[in-house]
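The following exchange examines a protein model through questions and answers. Please consult the sequence and the coordinates as you read.

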There are 2 protein chains.
Amino acid sequence: MKIAILGAGMVGRAMALDLVQQHDVISFDISETNLAALKARNPNIKTHAADLKNFSSYKDMLEPFDLVVNAVPGFMGYAALEAVIRAGKSVADISFFPENALDLDALAKEKNVTAITDCGVAPGMSNYIIGRYNEIMTIDSFEIYVGGLPQTRKKPFEYKVPFSPVDVIEEYIRPARLMENGYIVTRPALTDREWMHFDELGTLETFNTDGLRSLLFTMPHIKNQKEKTLRYPGHVELIIALKESGFFDTEPITVKGHKVSPLDFSSQILFKEWKLGEEEKELTIMKVILHGHDNGEKRTIEYNLLDRYDDETKISSMSRTTGYTCTASANLLAHELFRERGVFPPELVGKNADCFNYVMHYLSERKVVLHKKES
Amino acid sequence: MKIAILGAGMVGRAMALDLVQQHDVISFDISETNLAALKARNPNIKTHAADLKNFSSYKDMLEPFDLVVNAVPGFMGYAALEAVIRAGKSVADISFFPENALDLDALAKEKNVTAITDCGVAPGMSNYIIGRYNEIMTIDSFEIYVGGLPQTRKKPFEYKVPFSPVDVIEEYIRPARLMENGYIVTRPALTDREWMHFDELGTLETFNTDGLRSLLFTMPHIKNQKEKTLRYPGHVELIIALKESGFFDTEPITVKGHKVSPLDFSSQILFKEWKLGEEEKELTIMKVILHGHDNGEKRTIEYNLLDRYDDETKISSMSRTTGYTCTASANLLAHELFRERGVFPPELVGKNADCFNYVMHYLSERKVVLHKKES
């Protein structure tokens, strides 16, 4: 099939390298550097420099393609997804925009296309798991813990990120929504801090972030839902200190006559400190715990993922785990394993056993292995 | 006597209120607000609005006075002291400028005047103590621990300061000089962190700052000297994180097209967080330990100070402890207890038993009490 990949950032590039094994791939990006980096890795990938903010161009641009993968930055993700759907193309989306993707459901149905959204780790893999087990047992509650972490713990933040710090800081600021006893409750981000101990990584710290997204609305019958972020201990203490002292305020302050937004300033300073190097080793950790029952019997299902930077392919763990979940989703569409029309977060795709098994198998073939425990 | 007080900030005002009990006092300041606040407290104090950076005006301005107290901000302290000496006036100085006051010794001798400098807590009281004991025993080593702290511990910094954060941050950046085995050694500020436990305050944290100043040069025969700052635990951890991440860099960074100095920005943000309220309760803690011998016998002398905000007079502890050491020093000059000419840090004044006893008595009359222990 002919697949267009919108965005050739770190994850977009890993997806192009994966999909080109089976498909014709053209990657679009505004950055010639990103496209050249991709071409150097595999000359079979076609590249095309384009300003993807020019949404009116999508119709013509995407005309020759069978399928689209949306990997643009989050701030422009929703508009890009809408433009893809309007162009009449099915799409796997990993742009993690803040808007509600389900608002585009009617349009997708009208255009007779399918969009699978939020196809990353969590959201992403975690949604596939919850969607599947929701079919075969009664889930009373679930907890998702997830983090992307550098392998080398450099003080003070012990944190690295391949994109702008401002996107992470926004996760640290935005109130977190949880489901408690059937009610959506809102807590400040960074609350409910707890230590969690992992055999291979030692102690990590977990805290609330607003990560449940579609699950709050597609799974309202699961009365207790939480999603928390994992970091090395100490990170969040420092983040709280900066937040409380005003370093992340958006209201400008006057410094020597210039108005400066503290958030802009702090993002700029932290960019140097948090920037993940091109070949810097990092890892992804996720734990999903489902509590429920089946024929009167209590069941607890646990999925654990610990994935690391790949020394051989030099592909980051974040790219592998989020990217391959998205390329698996794209292949569900390419191979017509999922045929419904509309907008679907992964829990609505994973309810189909074939789709779920396909995704898990696809990931394990790429050595992204989810370990299941049941008790 | 007729005394001019240069500067009517928090400490300058407390000194005016103290000295007006015995003397004619005129306070000078550029801020009408500061002068009005002072006048409201005691109408016997005369006030005069003046730009004290206009150093050439000092000769005429100070002509009518018998004595001067210099309480201008540190950045202009040295130039103000020089102008006072050139005007032919003796002076007690509490402006804590970074330059070396002893460079003005020859000028002061030529003008036949006396300047007592660094008359605060530490430097200040600690120097009086070391100067005195240096006369009556052989001091092998000494340690000084000092901190000004808010009574209420508000996270994250648990710190308040009545002046600009930039002056404190500079103490946290400037390398600290210590005397070790007879050599002056330099350590980064904030190093050698230790916990110290205090009966009334619980655990505090102590670390290197560049506070020995004149003692390194006037007492070179004391082979081990250290001066460390006290803060509530956690404060310095946070400061190190900010420092290491670049928040205190002086090299400007570009934020949305504007060049901004991280130090300027962070000082501005921290001003809100660190600002000591007009009537906010705070305290001063100091511990001076002298190790030495006398006629072959080992002696350890310890002086402890814990002074608190005065609810009755609404005068801060910082003003009481630093200000009254300075007014005591001014009175040493007024009453001609100290008659040498030149520039003298307090250790060179305190070697005189009468001067030392006068200062200690003066402080205790104002309920600033140093507790002595000997072992």
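Q: How many disulfides does a search of the whole structure find over all chains?
A: This is a predicted model, in which local features need pLDDT of at least 70 and side-chain atom pairs count only at pLDDT 80 or more, while totals for chains, interfaces and linings use all residues; side-chain values use heavy atoms, with hydrogens and water left out. Residues are numbered from 1 along each chain as its sequence is written, and chains are lettered from A and ligands numbered from 1 in the order in which they are written. A disulfide is a pair of cysteine sulfur atoms within 2.5 Å. Over all chains, the number of disulfides found is 0.

Q: Why is Cys119(A) not bonded to the closest cysteine sulfur, and how far away is that sulfur?
A: Cys119(A) is buried (under 20% relative accessible area, whereas exposed means over 50% and partly exposed lies in between, with a 1.4 Å probe and protein chains only). Its relative accessible area is 0%. The closest cysteine sulfur belongs to Cys326(A) and is too far for a bond, at a distance of 4.6 Å.

Q: Which cysteine holds the sulfur nearest to that of Cys355(B)?
A: Cys355(B) is in no disulfide. Cys355(B) is buried, its relative accessible area being 0%. The nearest cysteine sulfur is 12 Å away and belongs to Cys119(B).

Q: What is the angle of the turn that lays chain A on chain B?
A: The copies are superposed by least squares on the C-alpha atoms of residues with pLDDT of at least 70 in both. The superposition gives an RMSD of 0.0 Å with a shift of 0.1 Å along the axis, and the turn is 179 degrees. This relation is that of a two-fold axis, and the angle asked for is 179 degrees.

Q: What percentage of the interface residues of chain A are also interface residues in chain B?
A: The copies meet through the same surface. This follows because the share of interface residues of chain A that are also interface residues in chain B is 100%.

Q: Which strands stand at the edges of the open sheet of chain B?
A: Helices (H or I, at least four residues) and strands (E, at least two) are DSSP runs numbered from the N terminus, and two strands pair if DSSP finds at least two bridges between them. The open sheet has 7 strands with parallel pairing, in the order E3-E2-E1-E4-E5-E6-E17. Each edge strand has a single partner, so one side of each is left without a neighbour in the sheet; these strands are E3 (46-49) and E17 (342-344) of chain B.

Q: At about what angle to E1(B) does helix H1 of chain B run?
A: Axes are lines fitted to C-alpha atoms, for helices over the stretch in contact (heavy atoms within 4.5 Å), and angles run from 0 to 180 degrees between N-to-C directions. Within the sheet, E1 (residues 2-6) and E4 (residues 67-70) of chain B pair in the parallel sense over 4 bridges, with Ala4(B) opposite Val68(B). Helix H1 (residues 10-19) packs on this sheet, touching E1, E2 and E4 of chain B, and its direction makes with that of E1(B) an angle of about 170 degrees.

Q: How many of the 10 residues of helix H1 of chain A are buried?
A: The buried residues of H1(A), including Val11(A), Met15(A) and Leu19(A), pack against elements of chain A, among them strand E1 (2-6), helix H11 (317-334) and helix H13 (353-365). H1(A) is largely enclosed by the rest of the structure, because the number of its residues that are buried is 9.

Q: Which residue in the turn between E15(A) and E16(A) has a positive phi?
A: E15 (residues 282-294) and E16 (residues 297-308) of chain A pair in the antiparallel sense over 12 bridges, and Gly292(A) stands opposite Arg299(A). The two strands form a hairpin with 2 residues between them. The phi of about 50 degrees belongs to Asn295(A).

Q: Which residue in E18(A) is the bridge partner of Glu302(A)?
A: E16(A) and E18 (residues 370-374) of chain A run antiparallel and are joined by 5 bridges. The partner of Glu302(A) is Lys373(A).

Q: Which residue does a cis peptide bond join to Lys155(A)?
A: Most peptide bonds are trans. Here omega is about 0 degrees, and the residue that follows the cis bond is found in the loop between strand E7 (138-150) and helix H7 (165-173) of chain A. That residue is Pro156(A).
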